[in-house]
Amino acid sequence: MTLSIATWNVNSIKARLPNVLEWLGEAKPDIACLQEIKCVDEAFPREEIEALGYNVETVGQKSYNGVALLSRFAIEEVAQRALPGDESDEQARYIEAVISAPNGPVRVASIYLPNGNPAPGPKHDYKLAWMERLRAHAAGLLAYEEPVVLAGDYNIIPRDVDVHDPAAWEGDALIRPDSRDAFFALLWLGYTEAFQHCDGRADQYTFWDYQAGAWPKNHGIRIDHLLCSPQAADRLKGVEIHKDVRGREKASDHVPVVGSFAL
């Protein structure tokens with residue numbers, strides 16, 4: 001059996017609900033990790049999504065941030081509703097659950113990593129501190145020796161070939177060497193970045209800004225990633241970027257990225 005796990009920054013579930021329902025109905029991912037839902041838990045359109053056959057868990061926040069997990073299979077346990085390491089952090093950016101996949105449990109997290117701009121500055125300091133917390137937590141998850149997929153909008157452009165014009169982005173928090181080093185530190189723990197492992201081609205983007213005609217010009221960046229533990233990476237069969245979703249009416253500026261696993 002193939003298990004599909006998707007990540008998608010929807011940029012407001014209220015504004016994109018028709019798009020989200022349409023795509024879920026078409027692509028039918030087994031698990032979908034959403035970011036930037038931009039609503040409190042009570043306002044999430046749970047009934048509409050449950051009607052498509054999904055179990056739903058959210059960590060919401062009014063007008064900003066917010067993450068969700070949708071699963072066709074039972075959600076055994078919501079292990080985390082916030083990234084450990086800073087109890088004073090009130091931003092809704094992390095949810096992690098154990099899901100009862102048919103051939104055994106899989107641990108999945110939906111992550112909305114801080115943007116970090118302007119950099120340098122307090123927002124970039126927060127981004128780097130958040131990433132260090134994520135590294136520490138991700139290291140602990142490896143001890144379970146189970147399939148783990150950390151899916152989300154990482155706000156990191158890993159390589160120069162993942163951006164249409166690296167020079168234009170120089171100094172941006174998404175491409176700064178310290179940001180990239182923090183991302184690579186996750187990989188050095190033993191995680192595999194799914195797209196680079198399965199495909200790795202240049203100029204395969206997941207985000208196109210609403211400004212300056214970025215979409216029609218294909219001026220994009222790749223910042224949405226699936227990071228897989230060794231047990232998940234061993235079962236990874238492929239990754240698809242659903243680029244066409246960006247061209248739809250009232251689209252999010254991000255598109256879904258879907259990994260397929262033989263679990």
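Pro 118 lies in the loop that connects β7 (104–112) with α3 (122–141). Helices (H or I, at least four residues) and strands (E, at least two) are DSSP runs, numbered from the N terminus. The peptide bond leading from Asn 117 into Pro 118 is cis, with omega near -5 degrees. Pro 120 is placed in the loop between β7 and α3. The bond from Ala 119 to Pro 120 is cis, with omega near -5 degrees.

The model is predicted: local features need pLDDT of at least 70, side-chain atom pairs count only at pLDDT 80 or more, and totals for chains, interfaces and linings use all residues. Residues are numbered from 1 along each chain as its sequence is written, and side-chain values use heavy atoms, with hydrogens and water left out.

The protein contains seven helices and 14 strands. Its C-alpha trace spans about 45 × 40 × 40 Å along the principal axes. The radius of gyration is 17 Å, which agrees with the value near 18 Å for a compact globule of 263 residues. This radius is taken over C-alpha atoms, and the globule rule is 2.2 Å times the number of residues to the power 0.38.

Of the 263 residues, 53% are buried. Buried means under 20% relative accessible area, exposed means over 50%, and partly exposed lies in between (1.4 Å probe, protein chains only). The exposed surface of the protein amounts to about 11000 Å², with 48% supplied by carbon and sulfur atoms. Accessible areas come from the Shrake-Rupley method with a 1.4 Å probe; for residues, only the protein chains shown count as cover. There are 26 positive and 39 negative side chains. The centres of the two sets lie 4 Å apart. Lys and Arg count as positive, Asp and Glu as negative, and His and the chain ends are not counted. Each charge is placed at NZ of Lys, CZ of Arg, CG of Asp or CD of Glu.

Contacts, defined by heavy atoms within 4.5 Å, were examined by sequence separation. Among those between residues at least 6 apart in sequence, 69% join residues at least 24 apart.

In soluble globular proteins, nonpolar side chains tend to be buried together. The largest nonpolar core here has 30 residues. A nonpolar core is a set of buried Ala, Val, Leu, Ile, Met, Phe, Trp, Tyr and Cys residues joined through side-chain atoms within 4.5 Å. Leu 3, Ile 31, Val 106, Val 108 and Phe 261 touch the most other members of the largest core. Strand β6 (residues 94–101) gives the most to this core, with four residues. Another core, of 24 residues, lies apart from it and has Ile 13, Ala 32, Leu 34 and Val 255 among its members. Not counting residues up to four places away in sequence, Val 108 touches residues including Ile 5, Ile 31, Cys 33, Leu 69 and Val 149.

Two residues other than glycine have positive phi values near 55 degrees, or about that: Glu 36 and Asn 65. Glu 36 is found in the loop between β2 (31–35) and α2 (46–50). It counts as buried, at 14% relative accessibility. Asn 65 sits in the loop between β3 (55–59) and β4 (67–71). It is buried, with a relative accessible area of 9%.

Asp 162 is located in the loop between β8 (148–153) and α4 (177–188). At 0% relative accessibility, Asp 162 counts as buried. Apart from residues up to four places away in sequence, Asp 162 touches Ile 157, Tyr 205, Gly 220, Ile 221 and Arg 222. Its C-alpha atom is separated by 22 Å from that of Leu 134, 28 residues apart along the chain.

Ser 252 occupies the loop between β13 (236–241) and β14 (257–261). Its relative accessible area is 3%, so Ser 252 is buried. The C-alpha atoms of Ser 252 and Val 10 are separated by 5.4 Å, although these residues are 242 apart along the chain. Leaving aside neighbours within four places in sequence, Ser 252 contacts Trp 8, Asn 9, Val 10, Asn 11, Arg 16, Tyr 210 and Arg 246.

Tyr 210 is in the loop between β10 (207–208) and α6 (214–217). Tyr 210 counts as partly exposed, at 40% relative accessibility. Beyond residues up to four places away in sequence, Tyr 210 touches Asn 11, Arg 16, Arg 246, Ala 251, Ser 252 and Asp 253. The C-alpha atoms of Tyr 210 and Glu 87, 123 residues apart along the chain, are separated by 34 Å.
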